[in-house]
Amino acid sequence: MKIYTYRDPFNLKSEEFWKEISQYPNLCVSQTLVLGLTQNPKRNYVRSDYNYIYTIDKLIDQLYGSWTDDPPNDIKQFISYSNEINQIEDPNIRNTFQFNRSSVVQSIRMLIELGISPEEIPNLEQDSMNIFRTIYSNLSKEDCWNVLNKIKVDKSVLKKAFEDLLEEEIDELKKNNPQDKNLQDLCKIKEDPESIKMDKIVIHGVHKFTPMITRFINDLRSAGVEIIFIINYIDEFERIYETWREVYRWTGLEIPKSSRTGISKNNLGEAIACLLEGEIKNYYKEHIEFIKFDNISSFCDYISEVYSEVDTSKLRKNDKRSRIFNMRQQFYIVNTEEVNNILKQYHPEQFGNRHFLAYPIGQFILSLYNMWDDKLATLKIDGNHLKECLSIGFFQQPNRPNPLEIYRKIEFYYEHLSIEDNYTIDKLLDKLKILKDNIHELDKRESVKKSSSLIRRFAMYTLTIEEVDYFIDVINLILKTSKKLFGDGHNKVNFKEHYSKLIEILTEGDFDPSYLIEEEKKMIEDIKYRISLIEDEDIEFEGSIEDLKESLHFYLARVESKEERKDQSSWIARNFEQLDGGVLLKDATRTGRAYHIGLVGDLDMNITTRDLLPWPLTEEFFTKNRFGNKNYIATITSFKEYRNFIRYSLFYATYFLDKKIIISYVENRKEEKNKPYYILDILGLDAERYDDRKSKIFRKRLRPRVENKISLPISLQSTKDEARNFLFCRYKYLIEEVIQGGTYFESEYHQNLYYKTMLFLNSWEKLQGKDISLVEDVVKKTNLELKKYFDSWSEINFIDAENKAIDEIKKRQIQRDQYGDYRVRVMKDRNDDYIETRRKFIYAKIDQKGEKTQEKGRQNLIREVMYLPYEHDIQNEIYNFINYNEGIEKNQEIEKCEYCAQNNLCLYGFRENE
């Protein structure tokens, strides 16, 4: 092994070792570094300088693909693990190992990659680690866990792997850029592969020695291949570069000094390095911008806006990498997973296909698995999972409401059933039939009375019989699908047969596949192909329905992770491991670009070994045990040093970039207040808070632009209900009267309040003019009559409503007659406004809390609603609002929002006082 160092990344070709390393295959830590070393002719870095140059991960996949990229084998490993944890007797420990399935599988794979056998793990005090060792010991006897140990790497295998990667590179250029000047050079290399020596391999910039990189290096050395490591190293900055000395200590080699002289800098990077050496160094602040974002969403909006500004008209179609390089800011952040997961929802076209489970069809499948109860052999209803099922377009019929909209109206009606352990889909169907009968009875009663019942303002009773029938059909179709997919339960199922049946149901069953988008169809075909790779004779490839559900999620997550790692240089926000390549690319394309170094806060920069190791492995596990195989030392040391590598990367970027640099951090992180990275704080960088209101995305969300005004056909003869809503809040009016066609209550809170109002008004109507002694009896009988329309509610709801109605009538609606007897007040004309206001807004008086008017108690914020002003004037206002108004004015009294039926859509009530 050798280690070569360079001081200046822009003058690598002037180093003495350049001639040597250019003769051999080169491997880089990232695709961005590959591009930096081959795609910057301004710095004299071109592809023709090398024979083979790829990422180290690409070559590892080429050599060890049956271990690193074989989904059928991944699922076999997952199922074999599931079978093991099912044998754990202690339910608490079993649940722990079930909850951490993916992490434990990853831990076992990690130990195998490091060459640590289960016999080397000593007896430990913790029950969990002893059980882990037992599981590992049992699994190590199975073929699917011994795939890696059967892979042999020699020079001929290595040569073939490089030739295959070259073939892929040529094919990609022919497909996407056939005019590329490198194509001819690559074809010449392909024609004469024997001229390329395989006795040395050059590896650039590796600091994090993953288990597979460690394995790969040891296999190369065993095959007689010499490893040459190339790293950046400036010896006068001892503290900054100490992390490289630690990480490479396992080699037993001293890190040599470069023979070249570095360029003297007077910038932030030098100030960071000098500070760690105990020296305060001045630096230029003119080209440094330091930004503080409130939250991660604000940061992602900022990135998205920069991405969206790129003019794609001059770029090749589907050229993701070129679009990124043409962004006016290049984003490099500490931890990309969280940010890119958000950006993936904004711009899926940049990341390729999203995770299958992010699509409606994926959520539909997963929700079926999550609701299936194998013991009951039916679906157990979970509101969130059922909504995922209903959101897919399979069920939509012409001239019918969306099934999801119907479910929203009945959701609270059945919510109380969810506390029952046997809330199955069959019980839901029974309840839907009762709802249908109740609606039918209401229809008959209202046709006789020629007036609408108060019950109609409960969301579920705004449905028609036809809509309920349609929804019943949809639920039956979901049940039929689940029965077809899962059978009668209680049995283990063959995975290949099961997944094949799933694909058949989705593409050839009762559903209309035209609702699938192209990406979903491609993914289904991909799953179909991968299922076909499972060998028919593999009769042991089976498990429970729970295993199926978990393995599907595990498999799809593995596929997504693999796809995303293929070309990290096309990520919108790249990680710090790609900064060395990013720095080399600074002159490769357009000028005037700024480099944005993001998430540079204390909470993000201080990554611990625990963050990098899967459960139940810990740093202590490796440091306390002296395993015979020392491969793990390189991996664990690099994991321990990763936080210092992050610090080094910040120095590297701010030292070698002479263009404008933007540094940022997010203040609110993981329910904690974040601070700027301590070094930046000491150096006196003051962050300026980012104003969301400057963002185009924020303004677009706040008020969408309307190109054409549309006159909506609204009657000038507005009802009093419409007029009251308009006075209460114009936003509420627009949703309820124009879009919804009336007021109804969906939420548990509002339905409970409204039931109390309805019981009070119905009871008062029956009691008017009668003796006070009859109040309790009439209220109870009225409550009993109404209860049948709410058969799923808890009894406590009705008891509470009953007590409130009795109390309100006795306290507020009693008067003495001419004989001195106490009777219930008669509903006179002057009560109409009060009654109608109660029907519409639950209360006739909503107080402005804490503010009292002289001699009137608290101010009633909806007084004008009860005592309507001139109706003609209101009709004119409504007409002008609908036809000429460009925006919606919100009411300013947040107290009103609590009782508004639309407060689940409108967030105005949560606005902080400025």
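Here are some worked exercises on the structure above.

The model is a predicted one: local features need pLDDT of at least 70, side-chain atom pairs count only at pLDDT 80 or more, and totals for chains, interfaces and linings use all residues. Residue numbers start from 1 along each chain as its sequence is written, and side-chain values use heavy atoms, with hydrogens and water left out.

**Exercise 1: a salt bridge across the sequence**

Task: Which residue does Lys788 form a salt bridge with, and which parts does the pair tie together?

Solution:
- Start with the rule: a salt bridge is a side-chain nitrogen of Lys or Arg within 4 Å of a carboxyl oxygen of Asp or Glu. Side chains of opposite charge can pair when their charged atoms come close.
- Now look at Lys788: its partner is Glu441, and the closest N and O atoms are 2.8 Å apart.
- Next, place both residues. Lys788 sits in the loop between α36 (775-787) and α37 (795-812), while Glu441 belongs to helix α20 (residues 425-449), so the pair ties together parts that are 347 residues apart in sequence. Helices here are DSSP runs of H or I with at least four residues, strands are runs of E with at least two, and both are numbered from the N terminus.
- Finally, check the surroundings. Buried means under 20% relative accessible area, exposed means over 50%, and partly exposed is in between (1.4 Å probe, protein chains only). Lys788 is partly exposed at 42%, and Glu441 is partly exposed at 26%.

**Exercise 2: two more pairs and a network**

Task: Are Glu446 and Arg456 buried or exposed, and how far apart in sequence are the parts they tie together?

Solution:
- Glu446 and Arg456 form a salt bridge, with 3.0 Å between the closest N and O atoms.
- Glu446 is in helix α20 and Arg456 in the loop between α20 and α21 (465-486), so this pair links parts 10 residues apart in sequence.
- Glu446 is buried, with a relative accessible area of 15%; Arg456 is buried too, with a relative accessible area of 15%.
- For another pair, try Arg839 and Glu836, whose side chains meet in a salt bridge at 3.7 Å, N to O. These two are three residues apart in helix α38 (residues 832-841), so about one helical turn separates them.
- Arg839 is partly exposed at 22% relative accessible area, and Glu836 is partly exposed at 28%.
- Salt bridges that share partners also join Lys292, Asp294, Glu667, Lys673 and Arg689 into one network. The structure holds 47 salt bridges.

**Exercise 3: backbone oddities**

Task: Which peptide bond is cis, and what is the phi of Asn44 and of Ile842?

Solution:
- First, the background: most residues other than glycine have a negative phi, and most peptide bonds are trans.
- The bond from Trp615 to Pro616 is cis, with omega near 10 degrees. Pro616 is in the loop between α27 (609-612) and α28 (619-624).
- Asn44 has a phi near 65 degrees, a positive value in a residue other than glycine. You'll find Asn44 in the loop between β3 (39-40) and β4 (45-46), partly exposed at 47% relative accessibility.
- Ile842 has a positive phi of about 70 degrees, although it isn't a glycine. Ile842 lies in the loop between α38 and β22 (847-853) and counts as buried at 0% relative accessibility.

**Exercise 4: around strand β7**

Task: Which strands pair with β7, and what is the handedness of the crossover from β6?

Solution:
- Two strands pair if DSSP finds at least two bridges between them.
- Strand β1 (residues 2-6) runs parallel to β7, joined by five bridges; Ile3 has Phe229 of β7 as its bridge partner.
- Strand β6 (residues 200-204) also pairs with β7 in the parallel sense, over five bridges, with Lys200 opposite Glu226.
- From β6 the chain crosses through helix α10 (residues 211-222) to β7, and this β-α-β crossover is right-handed (with the strands pointing away from the viewer, the path from the first strand over the helix to the second runs clockwise).
- As for cover, six of the seven residues of β7 (residues 226-232) are buried.
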